Every structure is written in C-alpha cells, then in structure tokens.
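Got the viewer open? Let's walk through this one selection at a time.

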Amino acid sequence: MSDDRFPIVISGGTVVTMNPAREVVRAEVVAGGDGSIQALLPPGSPLPAGAREIDATGRVVIPGLVQAHLHLCQTLFRGLAEERTLLRWLRERIWPLEAAHDPASLRASARLGIVELLLSGTTAILDMGTVHHTEQLFLAAEASGIRYTGGQALMDAGWSTPAGLLQPTDVALAESDALRARWDGAAGGRLRYAYAPRFVLSCSEPLLRAVAERARAGARVHTHASEQQEELRAVQAELGMTDLAFFAQIGLLGPNLVLAHGVWLDEEGLAELAQSGTHVTHCPASNLKLGSGIAPLRELRRRGVNVALGADGAACSNRLDAWSQLWLAGLVASVRDGPGALHAPALFELATLGGARALGLEDRIGSIEPGKRADLVLVDLSRHAPNGDVYTTLVYSARPDDVRTVIVDGSVLVDDGHLLTLDEAAVRAEAVAERETLLGRADIESAATAGTP
Ligand SMILES: [Zn+2]
C-alpha cells in the first residue's frame, strides 16, 4: 500500500453513491488521510491543501465491489475440476488438491486470486480458507491491500474427507480461535476473521454447536448450504432433515451467518432465513457450471433476506471478477422469474451494499458516503456507449478491464489499470510453478477411483 496519507480528490466523475436515496451525482469525492470518505463536493470545488487529484473525467465512480463467497485457495485449481457435479467435484478433485497445498502453493493461489480481484474492482471479500496454512491467506491479503474477511475451513467429520484435511474437533476449533485472535481487526480493521465450517456433511454436531456459540457472541460465520439436490439427499440421509433445519435446531442461523448458495430452499428454510436475519451469497456462475440450479433470488429479497454475490472458487466458476457474477445474476433472474423481476439497481446492490451487510461492514463500506471507508473504483464505460442508464451499463455491459483505478481504505492499489501492491507478472509465474509442484503432490487419481458416497 501507498503511505501517501494525504487527501485524495477524485474529480470530474459521475458518482454512483448507493446512498439511501440512490443518488447518481456529478461530484468531487474527497478521501482523507485517515482513509475515510470526507465529503462529496460540487464539481469544481477548490481542492483541500496538499490533496492528490485523480482525474475521473468521463469515468464513473462506484463503491468498491464486494464478493461474499470465494475460495482463494482454489485459484491454482482453475480448469482442473471440470465436468463434475458438486459431490464428485469435491471428492475427486478439490479436496485432494487442497490437501496437497503447502504454504508456498497456498500463498501463490491467494496472490493470484487477489490480483484478479483487485484489477477487476473487487475491494472486499469473504473467503473460505482451506484447513491448513491459513495464515498465508491473511499475509497475502495484508500485503495486497484488499479488504479481507476469511478463516480456516473446518472439517472434522468423515463424509469422504481425505485424511489430510480431517482434523479433531478440538484442534480445528483451537486453531481457528488462535487465528481469530491474531488476525481479526488487523491492518487497521481491514482484515477480519470468520469461522468457516465447510458444510454440514464435513462437520460434526459438536463442532457446529461450538461455532454457533461463537456466532451468538459476535463472531462471523461462513458456510455452504442447500447448494445441490444430490447434496441435500445426502444431508437428509444423514440428519433426517435439511441443512437449514439442522442449523436452526442448533442455533446457528442469525445475522452473523453467511450461507453460500441457498439454491434449493423449501418454505421452512426461506422462512427461517428471513426470520433469523441470515445472509445468503448468490453464486450464479458456480451454480450454473456445476449444474446445481438457480437460486430463488426474487423470493429471498421479497422476504427481506439480505443477498450478496460471490464467484465461489476459480475451480468452479473459472472467473473471479464480480462483473461476470452481476451479469449472470441478471440473466438467471430473468430465466427464473421473468425479465424485470430484478431491476438493474437492485442487482448492483447485491455487489455493493448486499456484500457489505453480509460482511457485517455496512457502516464502513458498500456506498460512497461521508464517514465510510474510501473503498472506491473508477470505471471507464465509454466503450459501451451509447447505452441505457448507468446501472444497466454496470450490470449488463461492464467488463473487468473497464476498471481503471481501485482505492481501498484511501490507498490507491490500482492506478490506470496497473496493480501497485503486487508484481502481476511475478505472481502469475509463481502460480504456474507452484501448480506444477502441487500436482506432483496431489493424489487425485486414486481419489477419482474411490467409491461414491
Ligand atoms: Zn464455495
């Protein structure tokens, strides 16, 4: 990060504020040396003394995009787990590959993912780590400047879990608690911890109850639920109920819980989510590619459930940028509920305020308002002209390489399309090399021939 702790003024741009009135205004955005947004001033206002000016003429200034479900540990696995449905995808590829990670490969995977995210305007993420070496994820996030909430994946039960990922319950919890003590609130509050029980089939009831206790005491929790019908049948066979019914029974649902997917929700599940204030992260690319289905987005929002967006991992959606998710969210909503069921401003909210709420950071990010952190993205939408209104252009036309400038906590991380905090070429070279050695360690052939669950 830059240490230029002087005010930044972004001048001449059109600002999509996402404030309560959803104003889109011409304004100069002033970010203070403390990394907060200080003011939106009328165009042409005199600059504060010593301010650095960023010319946004012809550009659109948006809140930094937020993705509330990612797996940075899987960026190295892109293209290695194709043409499988969820349970085979996990058992035959993802888990053996995750078990093969060492600190260097996990670092490379995280750095590659963060490069892609920052260059395309995602400034804040909720990440599910893997079981081991979790500190590498936080170290990569710390160095890159991205706003990161993440945590060690918890796997203490046996549904096809490889030995390399299976941990005793007390060890898994103790490691998570120690990571939380070390990282939650680090880097001036930019790094946060979230407990991450992977999904109900890989977690014991005592583990989930212990996590629920921590959630009730204020901890963030991030898990997967109700993603695919085959998965739900396995859950039903093991627990005699749906995953959401089980989470409700043990007191895990609530405003500190973020559930990825929520594709297959029954009436009770929908009601439980709404009543408990649980957040759902919609992952349309992952759901389409793994053939999981289309989440009931309009119904979730109609009931007042907060919905965020996420790319999931590179091994299932192959693209990590938020623009692909926004575009697909709009398209699949049209297929499921009809064109216009979700308007473009509501879709754009998923990737900004929806994500901020899921992270528990709605008082800090998700909109451009004085007092919030200066997480800002400048996009050049000129190649899409002429077009519809700005939200329509952002949702349906914008692309990752429209992003020109990215600021997090008042620090410029991407300047004119160039990442300042990491050496992009070195990160890509490191990723290629680390994937080679990781594949040498991974036992994916024998996993592929093991029995089905
Ligand atoms: Zn996931």
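Helices and strands here are DSSP runs, with at least four residues for a helix and at least two for a strand, numbered from the N terminus. Keep in mind that you're looking at a predicted model.

**Whole chain.** Start with everything in cartoon view. The protein chain has 16 helices and 18 strands. Its radius of gyration is 21 Å, close to the 22 Å that the globule rule gives for 453 residues, so the chain is as compact as a globular protein of that length. Along the principal axes, the C-alpha trace spans about 65 × 45 × 40 Å. Of the 453 residues, 55% count as buried. Among contacts with a separation of 6 or more, 75% are between residues 24 or more positions apart.

**Two domains.** Now colour 8-63 plus 373-419 as domain 1, and 65-358 as domain 2. Their centres, taken over C-alpha atoms, are 29 Å apart. Where they touch, 22 residues come from domain 1 and 25 residues from domain 2.

Stay on the domain 1 side of that contact. Select strand E15 (376-379), helix H14 (390-396), strand E16 (403-408) and strand E17 (411-415): each supplies at least two residues. Which of the elements gives the largest share? That's H14, with five residues. Colour this side by residue type and you'll get 16 nonpolar, two polar and four charged residues.

**The core.** Next, go for the largest nonpolar core, which has 150 residues. Show Val29, Val61 and Leu326 as sticks; they touch the most other members. Then highlight helix H2 (103-119), which gives the most to this core, nine residues. Keep your domain colours on, since both appear here: the core draws at least three residues from each of domain 1 and domain 2.

Zoom in on Leu326. What does it touch, leaving out residues up to four places away in sequence? Leu309, Leu347, Phe348, Ala351 and Val395.

**Helix H3.** Last stop: select residues 135-144, helix H3. Its buried residues are Gln136, Leu137, Phe138, Ala140, Ala141 and Ser144. To help you read that pattern, an α-helix has 3.6 residues a turn, so residues three or four places apart point the same way. Now bring in the neighbours: the buried residues of H3 pack against H2, strand E7 (122-128), strand E8 (147-151), helix H4 (169-183) and strand E10 (191-197). Finally, click on Gly145, just after H3, which takes a positive phi of about 95°.

Terms used. Residues are numbered from 1 along each chain as its sequence is written. This is a predicted model: local features need pLDDT of at least 70, side-chain atom pairs count only at pLDDT 80 or more; totals for chains, interfaces and linings use all residues. A nonpolar core is a set of buried Ala, Val, Leu, Ile, Met, Phe, Trp, Tyr and Cys residues joined through C-beta atoms within 7 Å. A residue is buried if 20 or more other C-beta atoms lie within 10 Å of its own, exposed if 12 or fewer, and partly exposed in between; C-beta atoms are placed from the backbone. Domain bounds come from an automatic or database domain assignment. Two residues are in contact if their C-beta atoms, placed from the backbone, lie within 7 Å. The radius of gyration is taken over C-alpha atoms; the globule rule is 2.2 Å times the number of residues to the power 0.38. Ala, Val, Leu, Ile, Met, Phe, Trp, Tyr, Cys and Pro count as nonpolar, Asp, Glu, Lys and Arg as charged, and the others, Gly among them, as polar.
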